[in-house]
Amino acid sequence: MEIRKILVMTLLMLAGVSSAYAEFERAAGVSLGSASWSFDDDQGYETRSTAYKLFTEAAIDQDWKLGVGIVYLGEIEHEFIAESVSADGLTLFGVRHWAFSESVSLRGTVGISRMNTRLKSVFGSGRLSDTDLLLGLGAEAQLSEKTALRLEYELYRMALDKYDFRAGVFFLGLVYNFY
């Protein structure tokens, strides 16, 4: 829980400091989504949860951005593995933008996620931190000079003991630009 507080403070600090540096485009945002979980051992077993993320990004040139964020993938019930499984973590990512007009662009994301996966069952509970690849694809539409609406799909992979999890998340979010 302490790492979340540190990251939120970092996000707020970056947002405040970025307004002093007009030559570096910075943005921060929040997204809400629907996570679809799947498990390697379950031959098609799938369930959904509500997810959210907070993030900040900084442009390194006209088409590329670097970002950091926190993500919560929600909690699900899994009748074969446990009473509940939940995951949250930190992300570090790079984004490539392809502008189609002044107000619409596509984006591709690649990065790493450090996920904390928790399992609760009648036999006890467990937790494992796992670092894995993060992939995403999305679109962004400018609503005004400072705000944009973002729709994206991200794929997270996690592990807990002998179980491998994947969560594909459709996010809809609001981005505020500090330039």
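Asp63 has a relative accessible area of 29% and is therefore partly exposed, where buried means under 20% relative accessible area, exposed over 50%, and partly exposed in between, computed with a 1.4 Å probe on protein chains only. The model is predicted: local features require pLDDT of at least 70, side-chain atom pairs count only at pLDDT 80 or more, and totals for chains, interfaces and linings use all residues. Residues are numbered from 1 along each chain as its sequence is written, and side-chain values use heavy atoms, with hydrogens and water left out.

**Exercise A: the surroundings of Asp63**

Task: Determine the place of Asp63 and the residues that Asp63 touches, not counting residues up to four places away in sequence.

Solution. Begin with the secondary structure, in which helices (H or I, at least four residues) and strands (E, at least two) are DSSP runs numbered from the N terminus. Asp63 belongs to the loop between S2 and S3. Next, apply the contact rule, heavy atoms within 4.5 Å. With residues up to four places away in sequence set aside, Asp63 touches Val95, Arg96 and His97. Finally, take a C-alpha to C-alpha distance: Arg107 lies 44 residues from Asp63 in sequence and 9.4 Å away in space.

**Exercise B: the chain as a whole**

Task: State in what order the elements of the chain run, and what share of its 179 residues is buried.

Solution. The secondary structure comprises one helix and eight strands. Read from the N terminus, the order is α-β-β-β-β-β-β-β-β. Buried residues account for 46% of the 179 residues. Of the contacts with a separation of 6 or more, 57% join residues 24 or more positions apart. The exposed area of the chain is about 9,800 Å², with 61% of it supplied by carbon and sulfur atoms; accessible areas follow the Shrake-Rupley method with a 1.4 Å probe, and for residues only the protein chains shown count as cover.

**Exercise C: the pairing of S5 and S6**

Task: In which sense do S5 and S6 pair, and over how many bridges?

Solution. Two strands pair if DSSP finds at least two bridges between them. S5 and S6 pair in the antiparallel sense, over 18 bridges. Two residues stand between these strands, and together S5 and S6 form a hairpin. To trace the register, place Gly108 opposite Leu137 in S6, then Thr117 opposite Leu128 in S6.

**Exercise D: the largest cavity**

Task: Give the volume of the largest cavity and describe its lining by class.

Solution. Rolling a probe the size of a water molecule over the atoms shows where empty space is left. On a 1 Å grid over the protein atoms alone, a cavity is a set of points where a 1.4 Å probe fits but cannot get out; a pocket is an open set with protein on both sides within 12 Å along at least five of seven lines; lining residues have an atom within 4 Å of a point. Grid points are joined across faces, edges and corners, and a volume is the space filled by probe spheres set on the points. This rule gives two cavities of 30 Å³ or more. The largest cavity has a volume of about 60 Å³. Its lining includes Leu54, Gly69 and Thr91. Strand S2 (46-59), strand S3 (64-78), S4 and strand S7 (147-160) each give two or more residues to this lining.

For the classes, Ala, Val, Leu, Ile, Met, Phe, Trp, Tyr, Cys and Pro count as nonpolar, Asp, Glu, Lys and Arg as charged, and the others, Gly among them, as polar. The lining divides into seven nonpolar, two polar and two charged residues.

**Exercise E: three residues of the cavity lining**

Task: Classify Leu54, Gly69 and Thr91 as buried, partly exposed or exposed.

Solution. Leu54, in strand S2, counts as partly exposed because its relative accessibility is 26%. Gly69, in strand S3, is buried because its relative accessible area is 2%. Thr91, in strand S4, is buried because its relative accessible area is 7%. Beyond four places in sequence, the contacts of Thr91 include Gly69, Ile112, Leu134 and Tyr156.

**Exercise F: the largest pocket**

Task: Which residues lie nearest the centre of the largest pocket?

Solution. The volume of the largest pocket is about 480 Å³. Of its 19 lining residues, Glu25, Gln62, His97, Glu102 and Tyr179 lie nearest its centre. By class, the lining has four nonpolar, eight polar and seven charged residues.
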